[in-house]
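Hi,

Here is the structure for you to look over. My notes follow below it.

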Amino acid sequence: MKFGEMMKRVGLMVAVLSLTVAATAALYRAPDPPARYWVYVANESSDLVSLVSFGPEGAVLERDIPVGIMPMDIDGAHGIRVEPGGKHFYVTIAHGTPFGSLWKFRTSDNELADTATLGLFPATVGITPDGSLGFVVNFNLHGDPLPSSVSVVFLPMMAEVARIQTCIKPHGSRINHAGTRSYSGCVGDDQLVEISVDKMEVSRRLLLRPGKEQLLTGEPPAPEPGDGRCGPTWTLPSYDDQYVYVACNAHNEILEINAETFEIERRFKAFGKPYNLAGTNDGRLLVSSNKGAQSVSVFDIAKGEEVARIATTQPITHGVVVTPDNRYAFVSNEAIGAVRGTVDVIDLQSFERIASVEVHHQPGGIDFWKMEPLPE
Amino acid sequence: MKLNLAALLLGLSVACTGAGHSVESPAPAGASAAQSEQEQQQEQQQEQQNQEDENEDADANLGGTMEAAASVDLVMSEIFPAEIVLTRGDTITFEGVLRDAEGNRVSGARWGVFPMPAIFAVQSIKTEVPDSYLLWGVGPGETRLQAVLVLSDGSEVEYEPLFDIPVTVKEWPAARIEIDDPAYGTYASSVFQLTGTVITTHDTEHATAVIAWWSSDPEVVSVNGDGVASFNKAGSAEIRAQAEGITQVIEIQVTENPVAKVTLGPEQSEVRTGDVVRMQAELSDRAGRSVDDAHVAYSLSALEGPAGGAVVYSDGAFVAEEAGVYRVMATAGGRAATAVVSAAPRSIVRGAELIGRGAVSYVQTSDLWVFEGRDGRDYAYTGTHAEGGGQRMFVWDVTDRTAPTLMDSIVVDARVVNDVKINDDATLAVITREGASNRKNGMVMLDISDPAHPVVLSEFNDELTGGVHNVWINGDVVYAVNDGTNAMNIIDISDPASPKHVGRWEVRPGEEDKNLHDIWAEDGFAYLSYWDDGLIILDVGAGVKGGTPRDPKFVSQYKYPIGNTHTAFRYGDYVFVGDEIFNCAECTNGPRGYIHVVDVSDIEKPTEVARFEVPEAGAHNIWVEDGLLYVAYYQGGLRVVDVTGELRGDLYAQGRQVSWFHTAASEGEGIKANSPLAWGPHVFKGYVFVSDMNSGLWVVQLEPPSDPLLP
């Protein structure tokens, strides 16, 4: 099937599903938001970070913060993470000459506080709950397929204190809520890698290649002809740290992995190349961005089933974050070429897209900053 | 967050590898340890008081690691080394444990070690012992090792300094000194600069050693601290070179200086500023025989004009920056001769007239290529950059230079189309892609048999998904700058509908720290602009090193301290090499960087001989044709420089700039008005086509020179 034809069919499927959801939602009008919500989103091809708010008047692009060194090249603001407490946010800059970097900004005035040079294509950032350490995957997306690393950065001083070799194309770095384990997926060689935060070394590896899942004691076996790929793009520790959810982007699955045994307990049938994951902090819902299908899916974790699929305003759906009150998911959509991307707001009660705002080119990494009470 | 830390105890053990380390005499570490016991007690009491005062808040606020740190009364009693000295390649392991006053381990507190600045690699070692750090002496130098105690309440983090130790990493020991042979005859009454290289035990050049020189008989040969040897009279002397405990001795025989006469020519010269006069000193002995191996020293004084208005180099090349009359003196063996050079102003300024415009006002413009199409008409293809969405290549009919006409555009999945190149017979265009939506970039081949309406023939991203920044078409292969690997990929386009990889070349294979930016190939050589690796010249069919277009061979490299080598263009015996520098101290109004003029008359020994630098702007792409260098100088607009004849010194100061054109758009005629950001020039059929990032395409023509014999 030609690419264009395939996209038409995918588009049709999304449209049908959207209509279904819309028909269901027609009886429901989302109430005004109970607070004002703020998120940061990194625009990878504009070298801008956008600050977006959402309140009763909808989603608003509040401010753009320039990042990057070389204005004549795309430096590539990719991942973004707001530290616990919200005083700083961190942006990965994918490209340099050649190494990328991690940039630290104050949220009080959105001014640059410090930077740290890391490896090739630093992508996603996981931050320990105390805000002291950042675990940044050096994705090295476009280099030779060689094992890359996770950089550990002492964030108050922005000093890289360890570089831990993990796997090929590590991505989707997240830390558990106890601050003891760092997780990342390996898009290039299908692994889930766990790092002991205290020891700063790899503690366990799980091969995620479909049908060949196993705990690894050494290097992953070379793929054989016919082997499928998981392509794990994201990891998400559950609210209680009992599980790790992994998006198998290449296999349309979300894996639920027992964090103690490191065994796969359940598989959620996903759709449209699930890419990023976010969860409600009550352990009820899991939201995936469907990068290949211009939509997000909402899963009921208890049932392990998709309960809603919501079309997004632009294709290449990338990042997703859920507000601390579990009311909304904010989703970034990259779009294609010169078309500006968007941030959509999804109501997690009605499973309806209730707001959207255009940002810049290729918005990707997104994270929640704060919510404020509305004026009386 | 309130800190309740009274003090701390950090047990530190140090384990070293390699033979060249030392941990200097112990001394108290950190401010607390440096204080007297009494002061420490007072401080502890005060801290305890503070702690009591804050207990309520702490109980309410603290959690996680902060809770652990706050709940104990810690005392610092251990001592740390005052200084660490280790040898390159050696390691020191720190194994630290935080304990409370009772000696119990504080499980929640964390400490870390950081080199500042980070010229050393520091990483945790793979051990069961927590809080272990490995200090690795990567290269020679000095830094400080700082350790901090990390305190957090679970949502915020603060840190307290533990110690701050100076660290010295020494080079590998010296093994030998290689002294260079004198370049001239060792005649009395001459001066020679002694040079040598210290080689380490690892057979590398010693990074820090300085050679000290002595003479066994200063009456024969005296040597100053910089190694300048004066051969005073005939005789023999031992010259001793010492460095890092290694000594090398050579014997120098000084003979009577045979030079009895020096003549210098040309005796009278009338030139313009910027013209190089090759001063020739001829030496002869009493019998009138030529002396070829005696050292000649050249010096200069101004008879009219500024004292520093001209330069004479050690090889006798003279060039004036300012108009004036200069006397050049050549001395050898106590004899001297002079010559006079009169330098008039270069006076070559020519106007530049705007002929036509192809304004682009909603997207940034990138590179361009101008050519005669198969239909006999002239075309300019221009790329587009990120701001506004760089997904297009624009097609301009420029047959009428006064009215570039937008004919068509090609849209590809990209956010930057940085480069555009056309093959020799104008049948194929290659454009580059960066920022593709599927992150599979690469390059796109266009059939331009109808040049006004190109058609996509094929896309190619095998190994090039990271993007291609620049390309060069060399016959039936394309050299592509691979953004992902920073290698030059070689792609066979003999069937442009189905390109194939046929090779790859990269500097320092296996190492990541490199950045290829641009490639230009001509007459069997490829010139790679390799950022901090400088200019690299490859044989791609010149017959020098056996290279072919598909299997390049290294010829030579020229790198310079500031790096940022961005572009290169061969013209005659010179390669014009441009920097691109952002974020420098002087970059208040935009980029900086200049044009290095590199003499490649000996292709295996490139030598920088001159520069062209506009002080207030930054160089970008260049073109050289008919003795004129065209530089798109970003915020400085288009600069045109006379590069005829031999080049030496500071071309800008010599008045070699011929013309300047401000590529600034009027309001509404560009993405940004009155802000030139010239990207690239292309000289075509007597016109200068310039792409400007903020305003699109410009067609400029230089006014004729006032003197037709001059540029």
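How much area does chain B expose, and what share of it do carbon and sulfur atoms supply? Chain B exposes about 29200 Å², and carbon and sulfur atoms supply 46% of that. Accessible areas come from the Shrake-Rupley method with a 1.4 Å probe; for residues, only the protein chains shown count as cover.

This is a predicted model: local features need pLDDT of at least 70, side-chain atom pairs count only at pLDDT 80 or more, and totals for chains, interfaces and linings use all residues. Residues are numbered from 1 along each chain as its sequence is written, chains are lettered from A and ligands numbered from 1 in the order written, and side-chain values use heavy atoms, with hydrogens and water left out.

Chain B first. It has three helices and 57 strands (DSSP runs, numbered from the N terminus: helices are H or I, at least four residues; strands are E, at least two). Of its 711 residues, 54% are buried (under 20% relative accessible area, 1.4 Å probe, protein chains only).

Now the interface. In chain A, 50 residues are in contact with 54 residues of chain B (heavy atoms within 4.5 Å). M72(A), H142(A) and M157(A) lose the most area to chain B on the chain A side, together 18% of what that side buries. Between the chains there are three salt bridges (a side-chain nitrogen of Lys or Arg within 4 Å of a carboxyl oxygen of Asp or Glu). E44(A) forms a salt bridge with R439(B), with the closest N and O atoms 2.5 Å apart. Strand β11 of chain A (residues 159-165) gives the largest share of the side that touches chain B, four residues.

Best wishes

Terms used:
Buried area is the accessible area (1.4 Å probe) that two parts lose on being put together, summed over both. Buried means under 20% relative accessible area, exposed over 50%, partly exposed in between (1.4 Å probe, protein chains only).
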